[in-house]
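The following exercises concern a predicted model. Please work through each task before reading its solution.

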Amino acid sequence: MMVGSGVAKGGKAIYGAPLGILMLEARFARIPGDMGNATTWPFPVLYRVVKGASPERVVLRGAEGLLPAFLEAAAELVSWGAEAITTNCGFLSVFQRELAAHVGVPVASSSLMQVPWVQALLPPGKRVGVVTVSAGSLTPEHLAAVGVAADTPVVGVEDGAELFRVLILGEKLDLDVGLAERDVLAAGRRLMAAHPEVGAVVLECTNMGPYAAALREVVGVPVFDVCSLVGWLRAGV
């Protein structure tokens with residue numbers, strides 16, 4: 001069968017998967033909608049686990065000492081064929097500039113990058129709010145690295161029954177999906193109660209995608225997650 005004429009351009013190890021995802025080193029359950037579940041994506045992606053990058057180290061300890069490992073892993077994904085890079089933790093916003101400079105391809109390090117974009121969509125008097133896995137760990141540096149205002153309303157799930165214990169503390173590998181959803185919905189309700197001016201929500205945590213639709217129903221405003229970020233990035237490459 002003829003497959004067309006012309007010259008097929010070479011130079012990659014892998015073709016047809018232009019998006020590379022840098023993964024933290026963790027083994028908790030990842031359900032569809034989670035960035036680390038390959039069935040989440042309607043297109044092929046390339047994954048690379050960064051050794052030593054535990055969720056606890058990245059979120060609670062500011063990813064200390066991990067920049068060289070992330071730069072190496074990102075460069076490896078590009079050498080395989082990735083034309084753009086993203087990560088599976090919103091707290092990696094702190095590496096945005098370094099990653100982009102190192103690999104020379106588009107980098108979307110964090111779902112938080114959507115905050116200023118979404119803000120531009122909202123009418124006067126409305127603001128973007130953020131739901132994160134750990135509000136106490138999300139510093140002004142994390143926000144400033146991707147152009148997010150320091151006074152952005154932020155609520156976390158640290159006091160919830162499931163997500164923080166599983167994702168960050170690593171207390172178990174299995175995930176009670178119902179409890180995880182309740183954690184996200186409760187955080188969304190607290191955000192709206194404390195900040196009625198919120199007109200849209202961005203989910204920092206890439207594990208919260210499965211609960212975005214339910215949260216949208218509860219808070220009654222648009223909700224953006226890492227899937228909306230990655231879909232936008234994929235459209236460009």
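**Exercise 1: Burial along a helix**

Task. Determine which residues of H9 are buried and why they line one face of the helix.

Solution. Taking buried to mean under 20% relative accessible area, one finds Val226, Leu229, Val230 and Leu233 as the buried residues of H9. Viewed down the axis of H9, these buried residues fall within an arc of 90 degrees, so they line one face of the helix. This agrees with a general rule: an α-helix has 3.6 residues a turn, so residues three or four places apart point the same way. Next, consider the other side of H9, where Trp232 and Ala235 are exposed. Finally, the cover over the buried residues of H9 includes S1, S3, S4 and helix H4 (114–119).

**Exercise 2: The sheet beneath the cover**

Task. State in which order the four strands form the open sheet, and which are the edge strands.

Solution. The strand order is S2-S1-S3-S4, with parallel pairing. Strand S2 (46–49) and strand S4 (107–108) each pair on one side only, which makes them the edge strands. Strand S1 (residues 19–23) and strand S3 (residues 84–87) run parallel and are joined by four bridges. Within S3, Ile85 stands opposite Gly20.

**Exercise 3: Placement and start of H9**

Task. Specify which strands H9 lies across, and which backbone nitrogen Asp225 reaches at the start of H9.

Solution. Helix H9 (residues 226–236) lies across S1, S3 and S4, and runs at about 175 degrees to S3. At the start of H9, the backbone nitrogen of Cys227 has a side-chain oxygen of Asp225 within 3.0 Å.

Definitions and conventions. Residues are numbered from 1 along each chain as its sequence is written. This is a predicted model: local features need pLDDT of at least 70, side-chain atom pairs count only at pLDDT 80 or more; totals for chains, interfaces and linings use all residues. Side-chain values use heavy atoms; hydrogens and water are left out. Two strands pair if DSSP finds at least two bridges between them. Helices (H or I, at least four residues) and strands (E, at least two) are DSSP runs, numbered from the N terminus. Contact means heavy atoms within 4.5 Å. Axes are lines fitted to C-alpha atoms, for helices over the stretch in contact, and angles run from 0 to 180 degrees between N-to-C directions. Buried means under 20% relative accessible area, exposed over 50%, partly exposed in between (1.4 Å probe, protein chains only). The arc is that of the directions from the helix axis to the C-beta atoms. A polar contact is a pair of N or O atoms within 3.5 Å; within protein, one must be able to donate a hydrogen and the other to accept it, and residues adjacent in sequence count only if both atoms are side-chain atoms.
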